[in-house]
Amino acid sequence: MRTVLSVSLPEQMAAELDAFAKATGRNKSDIVKESLGVFLWEASFKTVKRRLVRKAKAAKVITEEDVFRVVS
């Protein structure tokens, strides 16, 4: 199942999207879906990384050597 989403873009961004779509032979919808997927993945990764960094610091795991010591 799919959901349709209408997005309002600034003129410059819309023009850049149009030009990129034409230059790559891709459709705008696929470019936006891929871009949103990357954005959401990165946001999730940053959240997990922040939590893990706090835990690592609390466990005194700071350097790569510390990581190898813990996982070995």
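**Exercise 1.** In this predicted model, find which helix holds Asp66, and decide whether Asp66 is buried or exposed.

*Solution.* Begin with the secondary structure, where Asp66 is found in helix H3, spanning residues 64-71. Next, take the relative accessible area of Asp66, which is 16%. The cut-off for a buried residue is under 20%, and therefore Asp66, at 16%, counts as buried. Finally, list the partners of Asp66: once neighbours within four places in sequence are left aside, Asp66 is in contact with Lys60 and Val61.

**Exercise 2.** Describe helix H2 from end to end, asking what caps its N-terminal end, how its span stands against the expected value, and which residue with positive phi follows it.

*Solution.* Start at the N-terminal end of H2, which is capped by Asn27, a side-chain oxygen of this residue lying 3.2 Å from the backbone nitrogen of Ser29. Then follow the helix along its 31 residues, over which the distance from the first C-alpha to the last is 45 Å, close to the 45 Å expected at 1.5 Å a residue. After H2 comes Lys60, whose phi is positive, near 60°.

**Exercise 3.** Work out how much space lies in the largest pocket, and which helix gives the most to its lining.

*Solution.* The volume comes to about 570 Å³. The lining consists of 16 residues, and those nearest the centre of the pocket are Val7, Lys28, Ser29, Val32 and Lys33. Sorted by class, the lining has 9 nonpolar, 3 polar and 4 charged residues. Helices H1 (11-24) and H2 (28-58) each supply at least two lining residues, and H2 gives the most, with 7.

Notes. Residues are numbered from 1 along each chain as its sequence is written. This is a predicted model: local features need pLDDT of at least 70, side-chain atom pairs count only at pLDDT 80 or more; totals for chains, interfaces and linings use all residues. Side-chain values use heavy atoms; hydrogens and water are left out. On a 1 Å grid over the protein atoms alone, a cavity is a set of points where a 1.4 Å probe fits but cannot get out, and a pocket is an open set with protein on both sides within 12 Å along at least five of seven lines; lining residues have an atom within 4 Å of a point. Grid points are joined across faces, edges and corners, and a volume is the space filled by probe spheres set on the points. Helices (H or I, at least four residues) and strands (E, at least two) are DSSP runs, numbered from the N terminus. Ala, Val, Leu, Ile, Met, Phe, Trp, Tyr, Cys and Pro count as nonpolar, Asp, Glu, Lys and Arg as charged, and the others, Gly among them, as polar. Buried means under 20% relative accessible area, exposed over 50%, partly exposed in between (1.4 Å probe, protein chains only). Contact means heavy atoms within 4.5 Å. The expected span of a helix is 1.5 Å times one less than its number of residues. A polar contact is a pair of N or O atoms within 3.5 Å; within protein, one must be able to donate a hydrogen and the other to accept it, and residues adjacent in sequence count only if both atoms are side-chain atoms.
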